[in-house]
Amino acid sequence: MSERRLADLLAMWRIRAFEEKVRDLRAEGPIVGSVHLCIGQEAIPVGACGELEPHDALFATYRGHGWALARGVPARPLFAELMGRASGVNGGRGGSAYFTAADHGFHGENSIVGAGAPIACGAALAGRFDGSHRVAVSVFGDGAMNQGAVHEAMNFAAAFSLPVVFVCENNRYSELTPIADMVRAPRLADRAAAYGIPGHRIDGNDAEAVRFHVRDALEVAREGGGPTLLECMTERLVGHYIGDAETYRRPGELERVRRREPIARLREGLLADGVPAADLDAVERRARAEMAAAAEAALAEPPADPATAREHLYA
Amino acid sequence: MRDLTYGEAVNAALHRLMEELPETLVYGEDVGVPGGVFGVTRGLRKQYGERAFDTPISESAILGSAVGAAMMGRRPIVEIMWADFSLVALDQIVNQAANVRYVSGGRLTAPLTIRTQQGNAPGACAQHSQCLEALFLHVPGLRVCMPSTPQDAYDLLVTAVHCDDPVLVVENRTLYFGRKEPVRTDGPVQPMGGARTRRAGSDVTVVTWGAMTHQVLEAAEALAREGVDAEVLETPWLNPFDTETVIESAGRTGRLAVVHEANVTGGFGAEVVARVAGAGVPLAAPPIRIGTPDVRMPAAPVLAQALVPDAARVIEEVKRLTKAGAP
Ligand SMILES: Cc1ncc(C[n+]2csc(CCOP(=O)(O)OP(=O)(O)O)c2C)c(N)n1
Ligand SMILES: [Mg+2]
């Protein structure tokens with residue numbers, strides 16, 4: 001038991017160390033433009049991705065670095081992508097908010113809110129005809145629940161019993177606006193009932209809880225039972241994007257968020273179970289060393305070649 | 001006169017409009033309490049309460065409700081944070097807003113204003129970089145403008161909101177935090193339409209709009225040092241478009257270049273060239289269009305820079321144009 005939790009801790013630390021490195025590189029200059037970090041939300045991809053088969057398809061958002069890492073995309077070509085290197089997963093075409101790594105079953109970030117949900121339905125539909133019976137996982141935020149495309153996708157998947165798991169990362173904010181102010185019924189998972197599908201609000205800061213529910217949803221999907229909506233409650237420890245002044249935070253809010261964030265919580269649990277602090281510190285050090293090395297290697301790689309900028313437009 | 005940045009000028013116009021037109025409403029994602037992701041709607045919520053508010057991330061509902069409220073006599077000023085996001089709700093603009101007056105035979109109108117911003121900025125991805133004005137210019141029934149200076153950011157918005165038809169005001173986020181300039185914020189504003197002669201010249205007419213205006217002006221100064229005297233016409237209103245002024249200038253200089261950030265095929269530059277050609281203006285050399293090539297927009301700045309026109313490219317192509325054909 002503590003072995004799996006230690007593995008979760010390492011996986012979460014890898015994501016956090018990646019994101020903190022990205023933040024540094026954005027401040028120092030090698031990364032340019034808009035960046036959305038998932039610091040504080042690491043338990044959701046870590047809990048979910050371990051349950052996926054290689055042929056399953058994952059559709060994430062601009063807040064997708066952690067999902068890519070958890071899906072097994074190596075850190076080095078991700079850093080390279082964010083830094084506009086030729087060796088990036090998309091040779092610099094995608095960038096922080098819109099990269100894809102199909103070789104790893106990561107079918108892309110998306111920077112149009114809600115756009116991934118109907119596409120995930122299509123990936124599931126294709127699996128019905130190509131014999132793979134893949135499950136598609138569609139990740140989006142609380143705010144995306146108010147986007148028409150997401151409603152359409154949920155009904156579409158429900159009507160045709162498509163194997164889709166809708167993972168809503170409810171971090172309580174849509175950009176700078178609290179989701180509570182933009183809905184009448186704050187339990188977003190309850191909307192599942194209207195589509196006739198199972199919906200659960202779960203603790204998204206606990207990788208084990210996420211794992212349990214995703215496994216269940218995948219099983220239902222693989223057996224032909226159709227889609228599930230999982231509302232994973234979480235909080236970001238950082239702004240919506242790098243540079244967000246976070247003026248919408250209430251006094252003391254971040255301190256509370258820090259107390260219940262997934263890494264601190266898991267560490268506390270492991271300590272209580274008797275795992276020595278030194279072992280836990282070693283996990284963090286290992287993750288940071290890996291990410292520092294990956295970033296450094298990517299930094300040394302050549303930039304994308306402008307002569308290739310017009311390639312790949314048509315077959 | 002007040003010293004304002006482009007973003008502050010938009011804000012000042014919104015304050016004036018809320019003040020002088022009680023039927024205005026300002027809404028969109030993050031525009032109320034947070035005051036907008038670029039700070040452009042700051043202070044409106046505090047000052048005007050319920051008339052300025054945040055919305056869910058529901059572009060169809062934002063635009064559709066604006067059409068409905070406008071039909072009932074309000075003047076909604078709604079924000080679509082990026083022009084790219086209008087695409088998830090194009091129906092409400094193209095099938096709905098643009099049809100209201102025509103189909104009702106003028107008994108109904110839809111005087112809504114859609115504020116948005118567009119274009120590439122370093123590191124922006126393919127879904128946050130597009131220049132979509134030509135898409136909207138293809139739609140009869142819409143008015144479209146693209147301010148590039150603080151004064152026009154102010155004037156065009158005031159004019160747009162007073163207009164009794166749907167108007168799209170396309171701003172540019174790379175301009176919001178630029179230099180402060182003196183802006184006239186009281187009294188009448190410049191009327192809808194018209195061109196701005198940003199630089200008078202006699203060798204070649206360069207027509208442009210939006211943020212590209214600044215690249216073109218930089219290019220024109222450099223060209224002047226090399227003995228090429230370019231006339232720079234900015235057309236902040238694209239519908240209605242001041243065809244007359246362009247024809248007059250092109251007829252006088254005998255050469256025409258149109259520069260826009262949008263990609264070339266189907267861009268509004270094609271329409272400008274067609275109107276000049278159709279008017280039978282005799283040109284000394286074939287007219288040229290300078291724009292982004294027909295390709296998606298890569299996120300890496302080194303790649304994007306190779307595609308989006310800049311002053312250097314304008315200099316090079318306009319120089320070639322002035323050497324082409326008979327002198
Ligand atoms: C269609 C569309 N509308 C608006 C935006 C601008 N936008 C980007 S992220 C975001 C907030 C999304 O909130 P949420 O779905 O909760 O995801 P989170 O960022 O919190 O992970 C908004 C409004 C967009 N990218 N696409
Ligand atoms: Mg959110």
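This text walks through a predicted model, from its confidence and its metal site to its helices, salt bridges and chain contact.

Start with confidence. Chain A averages a pLDDT of 97, and 100% of the residues score at least 70. Among the elements of chain A, strand 3 has the highest mean pLDDT, 99. Helix 9 of chain A, residues 253–260, has the lowest, 96. Where pLDDT is low, predicted coordinates should not be read in detail.

Next, the metal site. Three residues coordinate the magnesium ion (ligand 2): A:Asp142 through OD, A:Asn171 through OD1 and A:Tyr173 through O, at 2.1 Å. The spacing of these donor residues in sequence is D-x28-N-x1-Y. A:Asp142 lies in the loop between strand 2 (136–141) and helix 6 (148–159) of chain A. A:Asn171 lies in the loop between strand 3 (164–170) and strand 4 (173–174) of chain A. The pair therefore ties together parts that are 29 residues apart in sequence. Both A:Asp142 and A:Asn171 are buried.

Stay in chain A and turn to helix 11, residues 277–299. At 1.5 Å a residue, its 23 residues should span 33 Å. The end C-alpha atoms are 33 Å apart, which agrees. The buried residues of helix 11 of chain A are A:Leu280, A:Val283, A:Ala287, A:Met291, A:Ala294, A:Ala295 and A:Ala298. Many of the steps in such a list are easier to read with helix geometry in mind. An α-helix has 3.6 residues a turn, so residues three or four places apart point the same way. What covers the buried residues of helix 11 of chain A includes helix 1 (2–28), helix 4 (75–82) and helix 10 (262–272) of chain A.

A:Arg288 also sits in helix 11 of chain A. Its relative accessible area is 31%, so A:Arg288 is partly exposed. Leaving aside neighbours within four places in sequence, A:Arg288 is in contact with A:Trp13, A:Ala17 and A:Glu20. A:Gly239 is 49 residues from A:Arg288 along the chain, and their C-alpha atoms are separated by 22 Å.

Now chain B, beginning with helix 1, residues 6–20. This helix has 15 residues and reaches 21 Å from its first C-alpha to its last, close to the 21 Å expected. Of the 15 residues of helix 1 of chain B, 12 are buried, so the helix is largely enclosed by the rest of the structure. Among the buried residues are B:Tyr6, B:Val10, B:Leu14, B:His15, B:Arg16 and B:Met18.

B:Glu8 belongs to helix 1 of chain B too. At 31% relative accessibility, B:Glu8 counts as partly exposed. The side chains of B:Glu8 and B:Lys180 meet in a salt bridge, 2.9 Å from N to O. This pair links distant parts of the chain: B:Lys180 is in the loop between strand 7 and strand 8 of chain B, 172 residues from B:Glu8. B:Lys180 is partly exposed, with a relative accessible area of 47%.

B:Arg179 lies in the loop between strand 7 (167–171) and strand 8 (181–183) of chain B. B:Arg179 is exposed, with a relative accessible area of 65%. Not counting residues up to four places away in sequence, B:Arg179 touches B:Leu4, B:Thr5 and B:Pro150. The C-alpha atoms of B:Arg179 and B:Thr149 are separated by 9.6 Å, though these residues are 30 apart along the chain.

B:Pro150 leads into helix 7 of chain B, where B:Pro150 is among the buried residues. Helix 7 covers residues 150–162. Its 13 residues reach 19 Å from first C-alpha to last, close to the 18 Å expected. In helix 7 of chain B, 12 of the 13 residues are buried, so this helix is largely enclosed by the rest of the structure.

Other salt bridges deserve a look. The count comes to 45 over all chains. A:Arg249 pairs with A:Glu246, the closest N and O atoms being 2.9 Å apart. A:Arg249 counts as buried, at 14% relative accessibility. In chain B, B:Glu50 pairs with B:Arg45, with the closest N and O atoms 3.9 Å apart. B:Glu50 is exposed at 67% relative accessibility, and B:Arg45 is partly exposed at 30%. Shared partners also join A:Arg4, A:Asp8, A:Glu51, A:Glu208, A:Arg211 and A:Arg215 into one salt-bridge network.

Finally, the two chains together. Chain A and chain B bury about 2400 Å² between them, 65% of it on carbon and sulfur atoms. The contact takes 30 residues from chain A and 32 residues from chain B. Across this interface the rule finds zero salt bridges.

Note on methods: Residues numbered from 1 in each chain as written. Chains lettered and ligands numbered in written order. Predicted model: local features only at pLDDT ≥ 70, side-chain atom pairs only at ≥ 80, totals over all residues. Heavy atoms only, no water. Donors = N, O, S within 2.8 Å, 3.2 Å for Na, K, Ca; no water. Helix = DSSP H or I, 4+ residues; strand = E, 2+ residues; numbered from the N terminus. Buried < 20%, exposed > 50% of the residue type's maximum accessible area, 1.4 Å probe, protein only. pLDDT = per-residue confidence, 0-100. Expected span 1.5 Å × (residues − 1). Contact = heavy atoms within 4.5 Å. Buried area = accessible area lost by both parts, 1.4 Å probe. Salt bridge = Lys/Arg side-chain N within 4 Å of Asp/Glu carboxyl O.
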